[in-house]
Amino acid sequence: MKFNIFNKQKSEVKNYEGATAFRMTSALELYTSVVTSSLSDTFYEKTDARLVRIQELIRKNDPQFVAKLAVYARERMYMRSMPLVLVTELAKIHQGDNLVSRAVGRVVQRADEITELLAYYQLANQRKEVKKLNRLSKQIQKGLGDAFNRFDEYQFSKYNRPNTAVKLKDALFLVHPKAKDEAQQLIFNKIAKDELKTAETWETTLSAVGQNDFENENGKIEAKTQAWESLIMDGKLGYMAMLRNLRNIIEANVSQEAIEKVCATLSNARAVANSKQFPFRFLSAYREVKRLNSGRVGNILSALELAVQHSAANIRGFDTQTRVVIATDVSGSMQTNISPKSVVQNFDIGLMLAMLLQNRCDNVVTGMFGDTWKIINMPKSNILSNVEEYRRREGEVGYSTNGHLVIQNLINRRQEVDKIMIFTDCQLWNSQGGNSIQTVWRQYQAINPNAKLYLFDLAGYGTTPINVVENQSVFLIAGWSDKVFDILSAIEDGSNAVGVIEGMEV
């Protein structure tokens with residue numbers, strides 16, 4: 001990212017490890033903070049602190065950029081909560097046109113996001129009185145009114161949850177959407193009268209079955225087994241639900257035909273693309289299934305490997321003429337769960353993205369760094385098993401943040417490469433004293449002036465270990481989705497992350 005700054009002194013700060021780091025522009029910092037946030041505590045930053053920092057950055061940025069970032073986060077990075085935060089916070093400070101309502105219309109893509117947005121609006125505006133959602137922003141009201149007309153009865157009933165702080169009926173009375181036709185008005189009337197039928201979903205199907213058994217010509221079988229088989233064979237189990245329930249499906253002892261249908265669905269290229277899953281979701285499923293004692297595990301693991309390879313297929317790789325080094329950060333700060341309910345860590349996300357990229361490169365060296373830097377080459381085809389092998393061996397390099405050793409090793413061997421990709425939380429320092437990564441990078445440029453360094457920021461703390469503003473050979477990319485590689489492609493075409501976001505339409 002190449003942006004103007006006022007002077008060098010103002011750009012230099014200390015990172016959380018006490019090492020010299022560099023400020024980002026407000027646009028770049030907002031982007032990295034948003035696309036790496038799950039609204040949960042991180043190793044160095046509590047949830048409230050991250051949210052306050054994002055709120056402050058929204059005020060510093062152009063409203064058009066904030067709106068475009070919200071759309072980018074929802075449509076390109078498949079995020080749900082952060083786009084709602086962005087448009088709600090933007091409504092506090094921007095009036096005079098329909099920018100906010102247009103952005104709301106783009107980021108609300110599921111019926112439950114109407115109530116999610118209102119729930120955050122209530123919290124963000126510190127509404128504690130009886131009518132917590134009175135004085136609703138007119139632009140948010142208009143955007144939500146348009147959203148109401150995009151969903152059918154099934155979609156409303158699927159997300160009509162009676163125990164949430166903001167109910168669908170509350171939202172209807174607050175927004176007062178104008179029905180697009182008589183059929184839509186009938187749906188609104190049902191919402192108002194609490195007459196929506198309970199949608200038939202995989203959750204309701206299994207809940208209705210309970211633990212009941214029944215008899216058929218083959219003897220007694222579990223009703224839940226039959227329910228899973230019916231959901232699978234009738235195509236009523238969505239991709240995400242299937243991915244998250246693989247253990248339940250296997251333990252239900254469904255038929256081999258059902259297992260084959262599951263494998264075919266998981267490994268279908270179009271289904272993978274349409275599912276819009278974060279890469280680490282496949283890793284979570286892989287780990288869950290791998291622990292099971294079942295003869296069906298092998299086929300499921302193979303299907304998951306195929307699924308991940310499909311997700312990597314559109315990544316623009318590099319041919320045999322492009323020499324690539326991929327390094328993953330194994331430091332202690334990378335080994336924090338991304339949310340309280342998740343077992344996935346930033347380390348896992350970095351490994352997944354690194355192995356996806358490695359799969360697409362023809363001339364590549366991979367490794368990990370902590371106290372030391374170690375090259376660990378892996379076969380290109382086995383992305384998930386490669387991640388597991390790296391995870392198994394992470395203690396071999398220690399847990400410091402000596403990212404400079406990746407470059408120092410190239411200097412020591414006088415080896416020229418074209419691109420160095422580092423997946424990290426950007427809190428790098430030299431635990432052994434001596435040169436920083438910025439100093440070492442200058443030394444390497446003297447040997448190999450055409451080399452480029454790419455920092456994949458997985459935590460969004462707001463600083464970088466190298467001044468990406470001034471250094472024309474260093475680039476910053478952030479996020480947890482495989483779509484981060486679209487930014488990599490944009491850089492190859494002469495653009496950057498902020499340029500991609502600014503190119504979005506709202």
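Start by selecting Tyr78, which sits in the loop between α4 (63-75) and α5 (81-93). You are looking at a predicted model, so take this as a walk through computed coordinates. Check the backbone here: the phi of Tyr78 is near 60 degrees, a positive value in a residue other than glycine. Is Tyr78 buried or exposed? Its relative accessibility is 16%, and buried means under 20%, so Tyr78 counts as buried.

**A second positive phi**

Now jump to Lys276, in the loop between α17 (269-275) and α18. Lys276 is not a glycine either, yet its phi is positive, at about 55 degrees. Its surroundings leave it with 45% relative accessibility, so Lys276 counts as partly exposed.

**Zoom out to the whole chain**

Show everything as a cartoon. How many helices and strands does the protein chain have? The secondary structure comes to 25 helices and 11 strands. The radius of gyration is 25 Å, close to the 23 Å that the globule rule gives for 506 residues, so the chain is as compact as a globular protein of that length. If you turn the C-alpha trace onto its principal axes, the spans are about 70 × 65 × 35 Å.

Stay with this view for contacts and burial. Among contacts with a separation of 6 or more, 74% come from residues 24 or more positions apart. Buried residues make up 56% of the 506 residues.

Next, switch on the surface. The protein chain exposes about 22,400 Å², and carbon and sulfur atoms supply 46% of that area. Colour by charge if you like: there are 63 positive and 56 negative charges, and their mean positions are 4 Å apart.

**Into the nonpolar core**

Hide the surface and select Tyr31, Phe156 and Ile420. In the largest nonpolar core, which has 173 residues, these three touch the most other members. Helix α20 (residues 346-359) gives the most to this core, with nine residues.

Keep Tyr31 on screen and show its partners. Which residues does Tyr31 touch, not counting residues up to four places away in sequence? They are Leu69, Tyr72, Ile477, Ala478, Ile487, Ala497 and Ile501.

**Helix α21 and its cover**

Select helix α21, residues 383-393. Its buried residues are Ile383, Leu384, Asn386, Val387, Glu388, Tyr390 and Arg391. To see what lies over them, add neighbouring elements: the cover includes α18 (279-290), α19 (297-312), β5 (324-329), α20 and β6 (364-369).

**Along α18 to Val289**

One of those covering elements, α18, is the next stop. Select Val289, which is found in helix α18. Its relative accessibility is 0%, so Val289 counts as buried. Beyond its sequence neighbours up to four places away, Val289 touches Leu246, Ile250, Val297, Ile300 and Leu301. For a sense of scale, draw a distance from Val289 to Glu222: they are 67 residues apart along the chain, and their C-alpha atoms are separated by 21 Å.

**Two more distances**

Go to Asp146 in helix α8 (residues 138-148). Asp146 is partly exposed, with a relative accessible area of 38%. Draw a line from Asp146 to Val104: these residues are 42 apart along the chain, and 9.0 Å separates their C-alpha atoms.

Then select Glu116, found in helix α7 (residues 112-124). With 41% relative accessibility, Glu116 counts as partly exposed. How far is the C-alpha atom of Glu116 from that of Asn253, and what is the gap in sequence? The C-alpha atoms are separated by 37 Å, while the two residues lie 137 residues apart along the chain.

**Last stop: Ser495**

Finish with Ser495, in the loop between α24 (484-492) and α25 (497-502). Ser495 has 29% relative accessibility, so Ser495 counts as partly exposed. Leaving aside neighbours within four places in sequence, Ser495 is in contact with Ala490 and Val500.

How values were computed: Residues are numbered from 1 along each chain as its sequence is written. This is a predicted model: local features need pLDDT of at least 70, side-chain atom pairs count only at pLDDT 80 or more; totals for chains, interfaces and linings use all residues. Side-chain values use heavy atoms; hydrogens and water are left out. A nonpolar core is a set of buried Ala, Val, Leu, Ile, Met, Phe, Trp, Tyr and Cys residues joined through side-chain atoms within 4.5 Å. Buried means under 20% relative accessible area, exposed over 50%, partly exposed in between (1.4 Å probe, protein chains only). Helices (H or I, at least four residues) and strands (E, at least two) are DSSP runs, numbered from the N terminus. Contact means heavy atoms within 4.5 Å. The radius of gyration is taken over C-alpha atoms; the globule rule is 2.2 Å times the number of residues to the power 0.38. Accessible areas come from the Shrake-Rupley method with a 1.4 Å probe; for residues, only the protein chains shown count as cover. Lys and Arg count as positive and Asp and Glu as negative; His and the chain ends are not counted. The place of a charge is taken as NZ of Lys, CZ of Arg, CG of Asp or CD of Glu.
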